[in-house]
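Let's take a walk through this model together, starting from a single contact and working outwards. Keep the viewer open as you read.

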Amino acid sequence: MTDTTVAGTRAAARLDRLPASRWHRRLTFIVGTGAFFDLYEIFLGGVLAAVLAEQWHLGHAAKSWVIAAGFLGMFVGANVLSVLADRLGRRRMFLVNLGAYSLFSLLSAFAPDLPSLLVLRFLAGLGLGAELVLVDTYLAEFLPRAVRGRYLAHAYTFGFIGVPVAALLGARLVAAHQVLGMAGWRWLLIAGALGAVFIQLMRSRLPESPRWLTVQGRDAEAERIVGDIEEQVARETGGTLPSVPEADAVPERRVPLREMFRGDLRRRTLMWWVFQVLQTVGYYGFGSLAPVVLTAKGYTVTDSLLYAALSFSGYPIGAALSIPLIDRIERRTLIIASALGIAACGLAFGFAAAPWAIVTFGFLLTVCSNVFSNAFHVYQTEIFPTGLRSSAIGIAYSLSRLTSVVLPFIALSVLTDLGAAGVFTGSAVLMVLLCLDVALFGPRSTGRSLERI
């Protein structure tokens, strides 16, 4: 084993053996709050479609494009920025993606017409495309393996507060129509842009991932960063750090993209591609289409946004519920169980007519959704090596964004022809197929070192 691989393996072992501390919690909070804006933006599409359909008199295709434009940008951004993160570094791409999102989201708020709005929403989505990929990759490479799942779940709990916030703000601002002489929906875009600037400033002081640095052969930098972390953790925990175990992990190395399609990685790659396409329909389909589905059921835009907001309150609750579960239950098992919950609650939501039933089953669906989401975000960081972790996750994730581009056109057509029940019956079938995909081809990962999975 060369000096470089020894150093890389030892840096990983030093990080894995650290006790959880305030340093880890601060890192999780700073990174996790960035996920807020990705999720805020995703679910904002459904809010904008419902609002602008009334204000700008949009037809079926135009409403679909309002939802799809941001996802199309995310598809491109996830492919480009996630690959660059494996080449240029996690920290650098963190700063690029939120900066671009903030700029174009602010410009979107002043879009004079639909074509301008769609172009700017695409560009904002492009900037944000790799955000969740980088959240997963960055935190997984710093967090000790004993708390990796739990702390990643904490990060997404912070982030998912953005979902009900988007719907509640939408309901209030749409009801007001004008705030300081400007349409309420424009303020939703301004809020996202300004919040992202604040998180950008917080992230500017983050260190680069030592695991990534060692893969690049920059061992001295990795050692310095790990040493600084150890000093802070020792100071915060007030005790002697555990000894570093013998580095028996598989040493990390540069991995070309073509390795994704060789050996055991090929099976994992194809399994995860299928997973990302299918999960989009069951997971993002509800969040991005719920306001439109409710208006199709006959409710006003304001009532639809209110019911959606109440349903969306299950997202942060589900994320919080996953925290005590995620390191106790095998990730693969938790993904399957929560996916079946999404399918069942989605069916009930699709057939529901009374407001109490719509809100109840929508809430339960979103609770299941975020147990599911947190489990799979942790899982995907564990099944690919450091040398191509960001690229492999990002390319698979981009397929979910591409599916999200197509989804509104198909789903809204099905909604018109078969109603909400038809939309959610199809979604339930796809979620069952997802469960089979993970059960048959997904590896076990809970509690294991990243280098050994």
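Two residues are said to be in contact, or to touch, when they have heavy atoms within 4.5 Å of each other. With that in hand, and remembering that this is a predicted model, let's begin at Ser 21. Leaving out residues up to four places away in sequence, Ser 21 touches Val 233, Glu 236 and Thr 237. You will find Ser 21 in the loop between helix 1 (3–16) and helix 2. Is this loop residue buried or exposed? With a relative accessible area of 2%, Ser 21 is buried, because the cut-off for that label is under 20%.

The partners of Ser 21 lead us to helix 11, which covers residues 219–237. Its 19 residues should span 27 Å at 1.5 Å a residue, and the end C-alpha atoms lie 26 Å apart, so expectation and model agree. Two of the residues touched by Ser 21, Val 233 and Glu 236, are among the buried residues of helix 11. The others on that buried list are Asp 219, Ala 222, Ile 225, Val 226, Gly 227, Ile 229 and Glu 230. As you look at that list, keep the helical repeat in mind: an α-helix has 3.6 residues a turn, so residues three or four places apart point the same way. Just after helix 11, Gly 238 takes a positive phi of about 70°.

Gly 238 has a counterpart to look at elsewhere. His 57 also has a positive phi, of about 55°, although His 57 is not a glycine. It sits in the loop between helix 2 (22–55) and helix 3. His 57 counts as exposed, because its relative accessibility is 70%.

Following the chain onwards from that loop brings us to a pair of helices. The axes of helix 3 (residues 60–88) and helix 4 (residues 90–108) come within 7 Å and cross at roughly 145°. On the helix 3 side, Leu 81, Leu 84, Ala 85, Asp 86 and Leu 88 take part in the contact, and they meet Arg 90, Arg 92, Met 93, Val 96 and Asn 97 of helix 4. By type, the residues of this contact comprise 6 nonpolar, 1 polar and 3 charged.

Now move on to helix 7 (residues 148–160), where the 13 residues should span 18 Å at 1.5 Å a residue, in agreement with the 18 Å between the end C-alpha atoms. Of these 13 residues, 10 are buried, so helix 7 is largely enclosed by the rest of the structure. Those buried residues include Ala 153, Gly 159 and Phe 160, and each of the three gives us a link to a distant part of the sequence. The C-alpha atom of Gly 159 is 7.9 Å from that of Pro 316, although the two are 157 residues apart along the chain. Pro 316 belongs to helix 14 (residues 314–326) and counts as buried, at 16% relative accessibility. Ala 153 and Ser 373 are 220 residues apart along the chain, with 9.0 Å between their C-alpha atoms. Phe 160, for its part, is in contact with Ser 373, as is Tyr 283. Ser 373 is placed in helix 16 (residues 355–382) and is buried, at 0% relative accessibility.

What do the residues of the nonpolar interior look like? The largest nonpolar core has 140 residues, and the members that touch the most others are Trp 272, Ile 335, Phe 372 and Leu 434. Helix 17 (residues 389–441) gives the most to this core, with 18 residues. Beyond its neighbours within four places in sequence, Trp 272 is in contact with Phe 376, Tyr 379, Gln 380, Ile 383, Phe 384 and Ala 396. Tyr 379 and Ile 383 turn up again as contacts of Pro 443, along with Arg 268, Met 271, Glu 330 and Arg 332. Pro 443 lies in the segment after helix 17 and is buried, with a relative accessible area of 16%.

Stepping back, the chain has 17 helices and 2 strands. Buried residues make up 61% of its 453 residues. Among contacts between residues at least 6 apart in sequence, 87% join residues at least 24 apart. The chain exposes about 16,300 Å², with carbon and sulfur atoms supplying 66% of it.

Methods
Residues numbered from 1 in each chain as written. Predicted model: local features only at pLDDT ≥ 70, side-chain atom pairs only at ≥ 80, totals over all residues. Heavy atoms only, no water. Axes fitted to C-alpha atoms, helices over the stretch in contact; angles between N-to-C directions. Helix = DSSP H or I, 4+ residues; strand = E, 2+ residues; numbered from the N terminus. Nonpolar A, V, L, I, M, F, W, Y, C, P; charged D, E, K, R; others polar. Buried < 20%, exposed > 50% of the residue type's maximum accessible area, 1.4 Å probe, protein only. Areas by Shrake-Rupley, 256 points an atom, 1.4 Å probe, with all protein chains shown as cover. Core = buried A, V, L, I, M, F, W, Y, C linked by side-chain atoms within 4.5 Å. Expected span 1.5 Å × (residues − 1).
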